[in-house]
Amino acid sequence: MKKILSIIMALAAFAMTNEAKAQKFVFVDTEYILKNIPAYESANDQLDQLSKKYEDEIRQKMQEVADLYDSYRTESVFLTAEMKVKKENEIVEKEKLAKKLQQSYFGQDGELYKQREVLVRPIQDQVYNAISGLAKEKGYSAIFDKSSNIGLMYAEQNLDISDLVLARLGYK
């Protein structure tokens, strides 16, 4: 029984080895591809500028909160209990508004995310479609992205089809 099981396992391993030899595996470097697409670089520059604008606005709002708090600490000895509560509530409300603004700009569905979807997603989709088209055209079984953390340790340079993808997109 053990002998039959060993023979079956050996035949299965042999079949998988032969099957693997027929498959074509290549890699791309999407980071390299995207850096060579001017529209992508332009989109990233726009996003960086927008992010800086949002950061400056939030920093200004938080500075206003800090100034209000400093003023409150300085004046608190002269304020009545009712006035203290009013000032404290004002500070807390301003801080909440600043944090809400920060969330609306940088949160999961914030303005920066939406702009990234508008500016970058179409370019990423073009790259993906070019890669898929090349895979079907050239008969590649799998294409690995060496710029992501998938653990690719070695790849021969002649397997890199990044320049072909750029050419397909009309870039050199």
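Q: Which element gives the most to the lining of the largest pocket?
A: In this predicted model, α6 does, with six residues.

Q: Where is α6 in the sequence, and which other element gives two or more residues to that lining?
A: α6 covers 121–138, and the other element is β2, at 142–145.

Q: Which residues line the pocket?
A: From the earlier part of the sequence there are Val-28 and Thr-30. The rest of the lining is Gln-124, Val-127, Tyr-128, Ile-131, Ser-132, Ala-135, Ile-143, Phe-144 and Asp-145.

Q: How do those divide into nonpolar, polar and charged?
A: Seven are nonpolar, three are polar and one is charged. Asp counts as charged, so the charged one is Asp-145.

Q: What volume does the largest pocket have?
A: About 160 Å³.

Q: Switching to the fold. How many helices and strands are there?
A: Seven helices and two strands.

Q: And in what pattern along the sequence?
A: The protein reads α-β-α-α-α-α-α-β-α. One helix comes before β1, five helices sit between the two strands, and one helix follows β2.

Q: What share of contacts joins residues at least 24 apart?
A: 79%, counted among contacts between residues at least 6 apart in sequence.

Q: How much of the protein is buried?
A: Buried residues are 26% of the 172 in the protein.

Q: What about the accessible surface?
A: The total is about 12,700 Å², and carbon and sulfur atoms account for 55% of that surface.

Methods
Residues numbered from 1 in each chain as written. Predicted model: local features only at pLDDT ≥ 70, side-chain atom pairs only at ≥ 80, totals over all residues. Heavy atoms only, no water. 1 Å grid on protein atoms, 1.4 Å probe; cavity = no way out; pocket = protein on both sides within 12 Å on 5 of 7 lines; lining within 4 Å. Points joined across faces, edges and corners; volume = space filled by probe spheres on them. Helix = DSSP H or I, 4+ residues; strand = E, 2+ residues; numbered from the N terminus. Buried < 20%, exposed > 50% of the residue type's maximum accessible area, 1.4 Å probe, protein only. Contact = heavy atoms within 4.5 Å. Areas by Shrake-Rupley, 256 points an atom, 1.4 Å probe, with all protein chains shown as cover.
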